[in-house]
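Thanks for coming. I have one structure to show today, and I will go through it in a few short parts. Here it is.

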Amino acid sequence: YAVNGNNDGNVPNKNAINPNTGLPPTFYMPTENEWYKAAYYSPTLNAGAGGYYTFATQSNDFPGNTIGSGANQANYNTGVYAVTGSADYLETQNYLTNVGAFSGSPSYYGTFDQSGNVYEWNDLTGSFIGNAGGVRGGNWFDIWFNLQSSRRSQPSSAFDLGYAGFRLAAPVAVPEPSTYCMALAGLACGGFSMWRRRKRC
């Protein structure tokens, strides 16, 4: 992204070529569709037909906000802040959590914190137009309502707050987790078949 001198106004498009390497960029901001699928989708829902959860913690129930390995937890305001466990807001306190602090609450694809922590910018279509991008996911200051899959906004690029950030994606095809199982099963079947042939000879 060529952002030199671009403090406000139009949102820059991603570079087709990394000016430092001469190669296609390794990382980029995901499109809204990519971001949404990584957060909420699971191919195991609806008897294997696939579907979407309400929260990016593989749940349709409101998350808790206890840091650790518990399921369905996120960094947001339940009446108390996750980091301090207090309802009091302190100007000097850092309310952000490290990626994976809620280790038992990943999305189906293994991403963390797409519900809560910070609002995340996304590239609406893969080619930013004008001065707006997409924002999803809620943040540490929000209540559960803004963490839902149905919530989105499209603010100006001047949107610059302590609870807004972004996530990076990589243009690498990642197979569905079930594909690994199928591949391993195929290898196992192939290996068993070869072993039987060898034994017969």
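I will start with the overall layout, then take one threonine, then the aromatic rings, and end at the surface.

Please keep in mind that this is a predicted model.

First, the layout. The protein has three helices and five strands. Reading from the N terminus, the order of these elements is α-β-α-β-β-β-β-α. How much of the protein is buried? Of its 201 residues, 33% are. The exposed area is about 11,900 Å², and 56% of that area comes from carbon and sulfur atoms. As for contacts, take those with a separation of 6 or more: 53% of them are between residues 24 or more positions apart.

Now the threonine, Thr111. Where does Thr111 sit? Its place is the loop between strand S2, residues 51-52, and strand S3, residues 119-122. Is Thr111 buried or exposed? Its relative accessibility is 18%, and the cut-off for buried is under 20%, so Thr111 counts as buried.

What does Thr111 touch, leaving out residues up to four places away in sequence? The answer is Ala38, Pro106 and Arg167. Ala38 is 73 residues from Thr111 along the chain, yet their C-alpha atoms are separated by 7.0 Å. The side chain of Thr111 also takes part in polar contacts. One is with the side chain of Ser107, at 2.7 Å. Another is with the side chain of Gln114, at 2.5 Å.

On to the rings. How many aromatic pairs does the structure hold? There are 19. One of them is Tyr108 with Tyr109, an edge-to-face pair with 5.1 Å from centre to centre and 90 degrees between the planes. Tyr109 has a relative accessible area of 27%, so this residue is partly exposed.

A second example is Tyr119 with Tyr163. This pair is tilted, with 6.2 Å between the centres and 55 degrees between the planes. The pair links distant parts of the chain: Tyr119 belongs to strand S3, while Tyr163 is in the loop between strand S4, residues 134-136, and strand S5, residues 164-166. They are 44 residues apart. The burial of the two partners is worth stating. Tyr119 is at 15% relative accessibility and therefore counts as buried. Tyr163 is at 24%, so Tyr163 counts as partly exposed.

Which residues do ring pairs link into a cluster with Tyr119 and Tyr163? They are Tyr81, Tyr89, Tyr95, Trp140 and Phe141.

Last, the surface. A nonpolar patch there is formed by Phe62, Ile143, Trp144 and Phe145. Together these residues have about 390 Å² of accessible area. Phe62 is located in the loop between S2 and S3, and Thr111 is found in that loop as well.

For an exposed residue, look at Ser150. Ser150 is in the loop between S4 and S5. Its relative accessibility is 57%, and over 50% counts as exposed, so Ser150 is exposed. Its C-alpha atom and that of Arg136 are separated by 9.2 Å, with their positions 14 residues apart along the chain.

To recap the main points: Thr111 is buried, ring pairs link Tyr119 and Tyr163 into a cluster with other aromatic residues, and Phe62 is part of a nonpolar patch on the surface. That is the end of my part.

How values were computed. Residues numbered from 1 in each chain as written. Predicted model: local features only at pLDDT ≥ 70, side-chain atom pairs only at ≥ 80, totals over all residues. Heavy atoms only, no water. Helix = DSSP H or I, 4+ residues; strand = E, 2+ residues; numbered from the N terminus. Buried < 20%, exposed > 50% of the residue type's maximum accessible area, 1.4 Å probe, protein only. Contact = heavy atoms within 4.5 Å. Polar contact = N/O pair within 3.5 Å; in protein donor to acceptor, adjacent residues only side chain to side chain. Patch = residues over 30% accessible without salt bridge, like charges linked within 9 Å, V, L, I, M, F, W, Y side chains within 5 Å. Areas by Shrake-Rupley, 256 points an atom, 1.4 Å probe, with all protein chains shown as cover. Salt bridge = Lys/Arg side-chain N within 4 Å of Asp/Glu carboxyl O. Phe/Tyr/Trp six-rings, centres within 6.5 Å; stacked < 30°, edge-to-face > 60°.
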